[in-house]
Amino acid sequence: MLLTERFHSIQGEGKYIGIPMYFIRTNRCNLRCKWCDSTYTFSGGEEVPLSDLISDIKSISEDWICFTGGEPMLQREAIEFMEECTSIGKNVLLETGGSLNLAKVVQIKGTYIDMDIKTPSSGEQGSLYKENLTLLRENDYVKFVISDETDYNYALSFIKQWESKVEILLQPSWGTELKWLVEKVLEDKLNVRVLPQLHKILWGTRRGV
Ligand code: SF4
């Protein structure tokens, strides 16, 4: 497994926000979002044998692993990794950009999917592997990072079509006002969650926290 870093922290965003997790940040991404805060994953990295990684995970106290990137689904051993983690009783939250097929992930009990739907401001609009939407389970969700009105309207058209089928979260991009987004959601009477990025409120844009 090609890794950028491993660290203990609190889940900073999404439906499982606030839960202590052990973060496995993998290397490489197939997308290039304009506001990416993990560009350091695009190159370099340390090759860690899967067996070493699982030994490491057996020694941690957290019940949750956040499997993130980059794009973790690019890792050759991604599925095996999640199977091994869940087989020893850990929950795995997979944070994915959504552009790769998740059919094998939804077969693994104990996995939870945080799937981005890339908004226009990312420059990667349209990268979604659309079949994934029909695969998501009750505890999975999709997440839109909202930077401006255009992003909001893009999410809105999706919400109208999908709100009864998948759980939808909106998150302001770093620097976008949370209150502005909350007021839009209330005004439009949307049945979605709005969440900030807790880790950035706590630690700013520092790595490894
Ligand atoms: S998918 Fe994530 S890691 Fe990849 S470019 Fe976009 S924000 Fe960065």
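## Overall build

A residue is buried if 20 or more other C-beta atoms lie within 10 Å of its own. By that rule, buried residues make up 33% of the 209 residues in the protein chain of this predicted model.

The protein chain holds six helices and nine strands. Its C-alpha trace spans about 50 × 35 × 30 Å along the principal axes. The radius of gyration is 16 Å, which agrees with the value near 17 Å that a compact globule of 209 residues would have. Consider also the contacts with a separation of 6 or more: 70% of them join residues 24 or more positions apart.

## The sheet

How are the nine strands ordered? They form an open sheet, S3-S1-S2-S4-S5-S6-S7-S8-S9, with mixed pairing. Strand S3 (46-47) and strand S9 (193-194) stand at the edges. Each has a single partner strand, so one side of each is left without a neighbour in the sheet.

Start at the S3 end. S1 (residues 2-10) and S3 run antiparallel and are joined by two bridges. Leu3 has Glu46 in S3 as its bridge partner. S1 also pairs with S2, again in the antiparallel sense, over seven bridges. There, His8 stands opposite Tyr22 in S2.

On to S2 and S4. These two run parallel and are joined by four bridges. Tyr22 has Ile65 in S4 as its bridge partner, and Arg25 stands opposite Thr68 in S4. Tyr22 thus appears in two pairings, with His8 and with Ile65. S2 is mostly covered, with six of its seven residues buried.

## The nonpolar core

In soluble globular proteins, nonpolar side chains tend to be buried together. Here the largest nonpolar core has 34 residues. Which of them touch the most other members? They are Ile65, Phe67, Met82, Val92, Leu93, Leu94 and Ile146. At least two core residues come from each of these strands: S2 (20-26), S4 (64-68), S5 (91-96), S6 (111-116) and S7 (141-146). The helices H2 (78-87), H4 (149-162) and H5 (178-187) each supply at least two as well. S7 gives the largest share, five residues.

Leu93 shows how such a core member is placed. Leaving aside neighbours within four places in sequence, Leu93 is in contact with Gln11, Tyr16, Met21, Trp64, Cys66, Phe67, Tyr112 and Asp114. One of these, Phe67, is also on the list of core residues that touch the most other members.

## The ligand shell

Which residues surround the ligand? One stretch of the chain gives Cys29, Leu31, Arg32, Cys33, Cys36, Ser38 and Thr41. The others are Gly69, Gly70, Glu71 and Gly97. By character, the shell divides into four nonpolar, five polar and two charged residues.

## Two residues in contrast

Is Asp37 buried or exposed? Asp37 has 12 other C-beta atoms within 10 Å, so it counts as exposed. Its place is in the loop between S2 and S3. Not counting residues up to four places away in sequence, Asp37 touches Trp174 and Thr205. Thr205 is 168 residues away along the chain, yet the C-alpha atoms of Asp37 and Thr205 are separated by 7.7 Å.

Gln171 lies in strand S8 (residues 168-172). With 21 C-beta neighbours inside 10 Å, Gln171 counts as buried. That count passes the cut-off because a buried residue needs 20 or more. Beyond four places in sequence, Gln171 is in contact with Glu13, Lys143, Val145, Ile146, Leu195 and Gln197. Ile146 is also one of the core residues that touch the most other members. Arg193 lies 22 residues from Gln171 along the chain, and their C-alpha atoms are separated by 8.5 Å.

Methods: Residues numbered from 1 in each chain as written. Predicted model: local features only at pLDDT ≥ 70, side-chain atom pairs only at ≥ 80, totals over all residues. Near = placed C-beta within 6 Å. Nonpolar A, V, L, I, M, F, W, Y, C, P; charged D, E, K, R; others polar. Core = buried A, V, L, I, M, F, W, Y, C linked by C-beta atoms within 7 Å. Contact = placed C-beta atoms within 7 Å. Rg over C-alpha atoms; globule rule 2.2 N^0.38 Å. Pairing = 2+ DSSP bridges.
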